[in-house]
Structures are given as structure tokens and as C-alpha cells.
Amino acid sequence: MPSSPINVLARHLEHVTVANPPGDLPDLLTLAEVLDTVPDPRSRRGRRYQLGPLLALSLLAVLSGATSLARITRFIAGYDPELRQRAGLPGTVRLGASTLGRLLARLDGDAFDTATCN
């Protein structure tokens with residue numbers, strides 16, 4: 001069994017070609033911008049943070065080894081403030097694990113697939 005899933009993915013993607021490679025890298029959307037196209041289930045009054053950056057940093061937390069909502073929120077709160085601001089979450093982030101859990105539970109899975117897989 002390979003020690004890294006990257007080797008497995010690389011082997012499966014050897015014959016894949018990109019039909020229309022991007023001509024200019026600044027034209028590419030960031031992960032936060034792509035995830036911001038997912039419909040936000042929260043009411044406008046209750047939103048403190050944009051959905052896209054919140055989902056992007058949550059994904060980074062999980063990829064970094066976070067295995068619970070509490071760890072994800074600690075990761076986001078402890079992330080470098082300058083990088084967090086560049087991702088779209090300015091200021092101090094005070095996000096509760098239960099709040100994040102409710103948000104993730106209410107996301108529309110089909111809309112998430114459409115935003116990320118097209």
C-alpha cells in the first residue's frame with residue numbers, strides 16, 4: 001500500500017489533460033471565492049463572517065488534522081491574522097463550535113457540489 005495518497009492520485013491523473021488551461025493566473029478564483037458561491041443558509045441579520053472564507057479555513061483546519069468542531073474553531077481563531085484577513089475573515093474571529101456545527105449541518109449538499117465540482 002502506498003504511503004501517500006498523492007502518489008495514487010498522480011498515477012491516476014497521468015493521462016489527464018486540461019482542455020482550456022488558464023491563460024493568466026490572477027484570473028483564477030481563490031478557494032474562498034469558489035466556496036462563497038454556495039448558498040448561505042443563515043439569515044442576513046445573523047451573519048458575522050462570509051461563508052466562503054469560513055468554509056475555506058474550515059477545510060484547511062481539517063487538512064491540518066482537526067478532527068472536531070472545537071479544533072476547527074480553534075484553528076480558525078489561531079490562524080495568522082494577516083492571512084485570515086487575506087482569506088476574507090478580518091478582525092478577531094469569535095466562532096463557537098456549536099455555531100459552526102449548525103452552519104455546516106444546514107448547508108445544501110447539492111449546491112455545494114455544484115459550486116465545487118463544475
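## Aromatic pair

Tyr-79 is partly exposed, with 22% relative accessible area. This is a predicted model. In the whole structure, a search turns up one aromatic pair. Its partners are Phe-75 and Tyr-79. The ring centres sit 5.4 Å apart, and the planes meet at 45°. That geometry is tilted, because planes under 30 degrees apart count as stacked and those over 60 as edge-to-face.

Phe-75 is partly exposed too, at 24% relative accessibility. Neither ring counts as buried, because buried means under 20%.

## Nonpolar core

The largest nonpolar core holds 20 residues. Seven members touch the most others: Leu-51, Leu-54, Ile-72, Ile-76, Leu-89, Val-93 and Leu-95. Four helices each supply at least two core residues: α2 (31–35), α3 (51–63), α4 (69–78) and α6 (97–106). The top contributor is α3, with six residues.

Leu-51 also reaches residues beyond four places away in sequence. Its contacts there are Asp-36, Val-38, Pro-39, Asp-40, Arg-42, Leu-103 and Leu-107. Two of these, Asp-40 and Arg-42, are salt-bridge partners of each other.

## Salt bridges

Side chains of opposite charge can pair when their charged atoms come close. How many salt bridges does a search of the whole structure find? There are two.

In one, the side chains of Asp-40 and Arg-42 meet at 2.6 Å, N to O. Arg-42 is at 15% relative accessibility, so this residue counts as buried. In the other, Asp-40 pairs with Arg-47, and the closest N and O atoms are 3.6 Å apart. Arg-47 is partly exposed, at 33% relative accessible area. Through shared partners, the salt bridges link Asp-40, Arg-42 and Arg-47 into one network.

## Helix packing

Two packed helices are described by the angle between their axes and the distance between the axes. For α4 and α6, the angle is about 105° and the axes are 8 Å apart. The two helices are therefore roughly perpendicular, since the range for that label is 65 to 115 degrees.

Which residues make the contact between α4 and α6? From α4 come Leu-69, Ala-70, Ile-72 and Thr-73. From α6 come Ala-97, Leu-100, Gly-101 and Leu-104. Ile-72 thus has two roles: a place in this helix contact, and a place among the core residues that touch the most other members.

Technical notes: Residues are numbered from 1 along each chain as its sequence is written. This is a predicted model: local features need pLDDT of at least 70, side-chain atom pairs count only at pLDDT 80 or more; totals for chains, interfaces and linings use all residues. Side-chain values use heavy atoms; hydrogens and water are left out. A nonpolar core is a set of buried Ala, Val, Leu, Ile, Met, Phe, Trp, Tyr and Cys residues joined through side-chain atoms within 4.5 Å. Buried means under 20% relative accessible area, exposed over 50%, partly exposed in between (1.4 Å probe, protein chains only). Contact means heavy atoms within 4.5 Å. A salt bridge is a side-chain nitrogen of Lys or Arg within 4 Å of a carboxyl oxygen of Asp or Glu. Rings of Phe, Tyr and Trp (its six-membered ring) pair if their centres lie within 6.5 Å; planes under 30 degrees apart count as stacked, over 60 as edge-to-face and the rest as tilted. Axes are lines fitted to C-alpha atoms, for helices over the stretch in contact, and angles run from 0 to 180 degrees between N-to-C directions. Angles under 35 degrees count as roughly parallel, over 145 as roughly antiparallel, 65 to 115 as roughly perpendicular and the rest as oblique.
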